[in-house]
Amino acid sequence: MLEISNYINGDFVESTSKLQLDVIDPSSAKVYGKMPSSNKDDIELAVQAAEKALPNWKNSTLAFRSKILQNIADLIENNAEDLARAESKDNGKPISLAAKVDIPRAAQNFSFFAKAITQFSSEAHESSGLQSINFTLRKPIGIVGCISPWNLPLYLFTWKIAPALAAGNCVVAKPSEVTPVTAFMLSKICIEAGLPKGVLNIVHGLGPAVGNALVKHPKIKAISFTGGTATGKHIATEAAPQFKKLSLELGGKNPNLIFADCDYSKMLATTVKSSFANQGQICLCGSRIFVEKSIYEQFKKDFINEVKKLKVGHPAEKSTNLGALVSKAHLEKVESYVQQIKHQNAKLLHGGNRVKVKDYEDGFYFEPTVIEVQSNTCALNQEEIFGPVVTIMPFKDETEALHLANESPYGLSATLWTQNIDRAMRLSQELETGIVWVNTWLNRDLRTPFGGTKQSGVGREGGLEALRFFTEPKNICIAY
Ligand code: NAD
């Protein structure tokens, strides 16, 4: 049985609460490990360790910090197979996806920020006529909190930790209690990489207990959070009265606009991926598909034919396209949306059922599901389902397509399929999202700003934006 412990002050420690939570394999519903259910005392220990480590870490040379981060990246690469296996078992995602996307990206997060910090410069402003020059320092904030979700466990955890450490902060981090394993493996890697004690502390446990204690702790000066919009709202109300810096990456209900003039075969293949990759549990999945009327019936037929070819199976099987959903509670949530179809004037075109995988009958499997909706204002189109469920609906022209895309409380990303450059430019300007993909999906350059508008969050991650978030600017004005 796997035993997970907290990583505090460079050591593996039990929670002071002595309470434990089950670690569950979603592919079989079996418990295969135990993890600490930590509390505010554990956060206190982690903050104390970070406080002790901070002076040396923030004053260390860029070359030193960069080297340590690169060591971590190299060790993730060296352990990629084990990490991919662990991620797939813990989350239910196909091992092929973990091996191709999650783990390489976790390594890239560290190597990217190992290099980025050496190129991070501050600004100077010569104040003409005022006989002065201003220069802006970018100081580490101090101790920061990083909280991440279960859908891309190590990938998103490291996406926050790497820039925070690179910028000279010490970190107290909390991975999702639903998928703690690769974060635990990362703590072992950090020790081997030579990360000084207390610079990174990883505390496991439930959000309302340990996550909340982290957000509230007065010595935590900034919170970088990725997760659901409701949790983000709660965190904002806790953090705002203490004037903490906040970065919130929240939910999405991303539109996919398909025009008749698109590269049809590329669009079709990519749309299957953008609908069902990671069982639809990627915040960037395009869950609302809008198709121009003239190709709607053709698309419907071709899309369903492609979706029928997808194999739901055990995550460790190489041929599996969709693995298990992450938990029983999440499976039930996804299923509850499909059960609403009849009350929403919608029609089930494909899927909609749980799947029994041979020898793993208790696992949390669900069919890729396609629903035709009559209106964009129904709950199926307005609420985040975050599973293998997409809706499709026709539109008559560009104006209507834009209206439907923007008619949402969310604004994370949008995907646009058209060969008409003028239309691509017009719509890209008007879409109320933080990210627009034209004729592609999930195409990521780590230097670009990443994040959403409206209820999809506040702030941007990625590249220099992340380094700016994790530093405090201080302007110095010298007269001459
Ligand atoms: P969640 O909000 O339930 O949990 C996220 C993290 O917050 C977990 O570590 C959890 O323990 C912690 N948490 C829960 N309550 C807390 C509290 N009161 N105080 C502090 N921490 C608390 O989200 P989830 O179910 O793990 O993840 C799915 C959600 O994440 C979806 O809505 C998805 O869209 C979103 N997401 C967004 C992005 C993005 O970049 N915008 C990326 C991935 C996932």
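How many bridges join strand β8 to β11, and in which sense do the two strands run? Five bridges join strand β8, residues 143-147, to β11, and the two run parallel. This report describes a predicted model, beginning with the strands around β11.

## Strands β8, β11 and β12

Strand β11 comprises residues 220-226 and is mostly covered, since six of its seven residues are buried. Towards β8, the residue of β11 that stands opposite I147 is F225. Strand β11 also pairs with β12: five bridges join them, and they run parallel. Within that pairing, I223 has L246 of β12 as its bridge partner. In general terms, the strands of a sheet are held in register through backbone hydrogen bonds, in either a parallel or an antiparallel arrangement.

## The annotated residue E249

An unreviewed UniProt entry lists E249 under "active site". In the model, E249 belongs to strand β12, which covers residues 245-249. Is E249 buried or exposed? E249 has 27 other C-beta atoms within 10 Å and is therefore buried, as the threshold for that class is 20 or more.

Leaving aside residues up to four places away in sequence, E249 touches F225, T226, G451, G457 and E461. One of these contacts, F225, is also the residue of β11 that stands opposite I147.

## The shell around the ligand

The ligand is surrounded by 31 residues, of which P149, G207, G211, G227 and T231 come nearest. Two elements give two or more residues to this shell, namely α7, residues 207-216, and α8, residues 229-239. The most is given by α7, with five residues.

By character, the shell around the ligand consists of eleven nonpolar, 16 polar and four charged residues.

## The seven-stranded sheet and helix α10

A further part of the model is an open sheet of seven strands, in the order β15-β18-β19-β14-β13-β21-β22, with mixed pairing. Strands β15, residues 347-350, and β22, residues 435-438, stand at the edges; each has a single partner strand, so one side of each is left without a neighbour in the sheet. With direction ignored, neighbouring strands of this sheet are turned by 25° against each other on average.

Within this sheet, strand β18, residues 369-372, and strand β19, residues 389-395, pair in the parallel sense over four bridges. In this pairing, T391 of β19 is the bridge partner of I371. Helix α10, residues 293-308, packs on the sheet and touches β13, β14, β15, β18 and β19. The direction of α10 makes about 135° with that of β14.

## The three-stranded sheet

A second open sheet has three strands in the order β6-β7-β25, and its pairing is antiparallel. Its edge strands are β6, residues 124-127, and β25, residues 471-479, each of which pairs on one side only. From one strand to the next, the twist averages 20°.

Strand β6 and strand β7, residues 132-140, are joined by four bridges and run antiparallel. In this pairing, H125 has N134 of β7 as its bridge partner.

## The annotated domain

The unreviewed UniProt entry lists residues 12-476 as "domain: Aldehyde dehydrogenase". Over this range the chain is 40% helix and 23% strand. The C-alpha atoms at the two ends of the range are 42 Å apart.

## Individual residues in helix and loops

Residue D74 is found in helix α2, residues 62-78. With 16 C-beta neighbours inside 10 Å, D74 counts as partly exposed. D74 and F110 are 36 residues apart in sequence, and their C-alpha atoms are 8.9 Å apart in space.

Two loop residues have a positive phi value although neither is glycine. N9, with phi near 55°, is placed in the loop between β2, residues 6-8, and β3, residues 11-13. Q279, with phi near 60°, is placed in the loop between α9, residues 264-276, and β14. How do their surroundings compare? N9 is partly exposed because 17 other C-beta atoms lie within 10 Å, whereas Q279 counts as buried with 33 C-beta neighbours inside 10 Å.

Terms used
Residues are numbered from 1 along each chain as its sequence is written. This is a predicted model: local features need pLDDT of at least 70, side-chain atom pairs count only at pLDDT 80 or more; totals for chains, interfaces and linings use all residues. A residue is near a molecule or strand if its C-beta atom, placed from the backbone, lies within 6 Å of it. Ala, Val, Leu, Ile, Met, Phe, Trp, Tyr, Cys and Pro count as nonpolar, Asp, Glu, Lys and Arg as charged, and the others, Gly among them, as polar. Two strands pair if DSSP finds at least two bridges between them. Axes are lines fitted to C-alpha atoms, for helices over the stretch in contact, and angles run from 0 to 180 degrees between N-to-C directions. Two residues are in contact if their C-beta atoms, placed from the backbone, lie within 7 Å. UniProt positions are given in the numbering used here, feature names are shortened, and annotations may be inferred rather than shown by experiment. A residue is buried if 20 or more other C-beta atoms lie within 10 Å of its own, exposed if 12 or fewer, and partly exposed in between; C-beta atoms are placed from the backbone.
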